[in-house]
Each structure stands twice: as structure tokens, then as C-alpha cells.
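Open the model in your viewer and keep the selection tool at hand. The stops below say what to pick next and what is there.

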Amino acid sequence: MKTKEMESKAEPKRSPAQCRVCNCDQMHACKNVCSWVEPDLCSTCHTAATAIAGVLAEWRKVAVDPDLQALNREITALKGRVGTQKAGRAG
Ligand SMILES: [Zn+2]
Ligand SMILES: [Zn+2]
């Protein structure tokens with residue numbers, strides 16, 4: 001059977017997602033009211049992973065269950081991604 005709902009025109013029925021870093025979910029969102037950046041990564045942790053300076057303390061306050069190790073994994077993964085995009089920066 002073929003699924004024709006592959007396009008993202010209609011709103012996909014989102015199954016209860018849970019952040020892989022802080023374990024927040026629809027019922028237990030972070031205190032700053034996060035949204036989903038990725039299917040299992042919330043905006044609170046994404047922000048913390050992308051802009052470490054200053055936000056880490058904030059992240060620990062607002063994230064449901066802050067997991068620094070998990071966040072560090074995100075940071076490493078994001079750095080690897082960014083590295084290929086930004087080349088040739090004057091320094
Ligand atoms: Zn999170
Ligand atoms: Zn969250």
C-alpha cells in the first residue's frame with residue numbers, strides 16, 4: 001500500500017514526543033514553554049546546544065530534566081554540522 005501523505009502540507013498528527021536531552025514532553029514542557037526543533041529535540045535544549053554562552057544556566061533552570069551529558073552530545077553533533085557550512089571565515 002502506498003502512502004500519499006508524504007508531503008508536509010497537512011498538519012501531521014504528532015505523536016507524543018519527548019526531548020532526548022531534557023525529557024520534556026507535551027504535558028511537561030520546559031518552563032520557558034519550548035517547541036520542537038526536531039522530532040525529539042526541544043527548543044530549550046537546541047538553544048542551549050547552539051549558544052552555550054550565557055544560556056546554559058538558563059537552560060538548567062527551565063529544562064524539565066537537564067542532562068548535561070546529553071546536551072554535550074548535541075553540542076558536538078551541531079558543531080560537526082556547522083563546520084561544513086561556515087568555511088572561510090576571516091579570523
Ligand atoms: Zn529539551
Ligand atoms: Zn523542552
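Select E58. E58 is partly exposed, because 14 other C-beta atoms lie within 10 Å of its own. The classes work as follows: a residue is buried if 20 or more other C-beta atoms lie within 10 Å of its own, exposed if 12 or fewer, and partly exposed in between, with C-beta atoms placed from the backbone. E58 sits in helix α2. Helices (H or I, at least four residues) and strands (E, at least two) are DSSP runs, numbered from the N terminus. Now add A48 to the selection. A48 and E58 are ten residues apart along the chain, and their C-alpha atoms are separated by 8.4 Å.

A word on what is loaded. This is a predicted model, in which local features need pLDDT of at least 70, side-chain atom pairs count only at pLDDT 80 or more, and totals for chains, interfaces and linings use all residues. Residues are numbered from 1 along each chain as its sequence is written, while chains are lettered from A and ligands numbered from 1 in the order in which they are written.

**Whole chain**

Switch to cartoon. The protein has three helices and two strands. Along the sequence they follow the pattern β-β-α-α-α. Of the 91 residues in the protein, 21% are buried. Contacts here are pairs whose C-beta atoms, placed from the backbone, lie within 7 Å. Take the contacts between residues at least 6 apart in sequence: 39% of them join residues at least 24 apart.

**Colour by confidence**

Colour by pLDDT, the predictor's confidence in each residue, from 0 to 100. The mean for the protein is 77, and 68% of its residues reach 70 or more. Which elements have the lowest and the highest mean pLDDT? Helix α2 has the lowest, at 77, and β2 the highest, at 94. Next, select residues 6-12. The pLDDT over this stretch is below 50, and beyond near neighbours in sequence it has one contact in the model.

**Helix α1: C45**

Select C45, in helix α1. Is C45 buried or exposed? C45 counts as buried because it has 29 C-beta neighbours inside 10 Å. Show its contacts. Leaving out residues up to four places away in sequence, C45 touches C19, V21, C22, W59, A63, L71 and E74. Put a distance label on E74: the C-alpha atoms of C45 and E74 are separated by 8.5 Å, and the two are 29 residues apart along the chain.

**Across to V21**

Move to V21, in the segment before β1. V21 counts as buried because it has 27 C-beta neighbours inside 10 Å. Residues up to four places away in sequence aside, V21 touches L41, C45, D67, A70, L71 and E74. Label the C-alpha distance to L41. It is 6.9 Å, with the two positions 20 residues apart in sequence numbering.

**The nonpolar core**

Now show the largest nonpolar core. Such a core is a set of buried Ala, Val, Leu, Ile, Met, Phe, Trp, Tyr and Cys residues joined through C-beta atoms within 7 Å. This one has 16 residues, and C19, C22, C24, C30, C42, C45 and A63 touch the most other members. Elements β2 (41-42), α1 (43-50) and α2 (52-62) each supply at least two residues. The largest share, three residues, comes from α1.

Zoom on C24. Beyond neighbours within four places in sequence, C24 is in contact with C19, A29, C30, C34, C42, A63 and V64.

**Before β1: backbone stops**

Select N23, in the segment before β1 (36-38). Check phi: N23 has a positive value of about 65° although it is not a glycine. N23 is partly exposed, because 16 other C-beta atoms lie within 10 Å.

Go on to V33, also placed in the segment before β1. Phi of V33 is near 55°, a positive value in a residue other than glycine. V33 is exposed, because 10 other C-beta atoms lie within 10 Å.

**Last stop: Q26**

Select Q26, in the segment before β1. Why does Q26 count as exposed? Q26 is exposed because 11 other C-beta atoms lie within 10 Å. Finish by adding W36. Q26 and W36 are ten residues apart in sequence and 9.8 Å apart in space, C-alpha to C-alpha.

Terms used: Contact = placed C-beta atoms within 7 Å.
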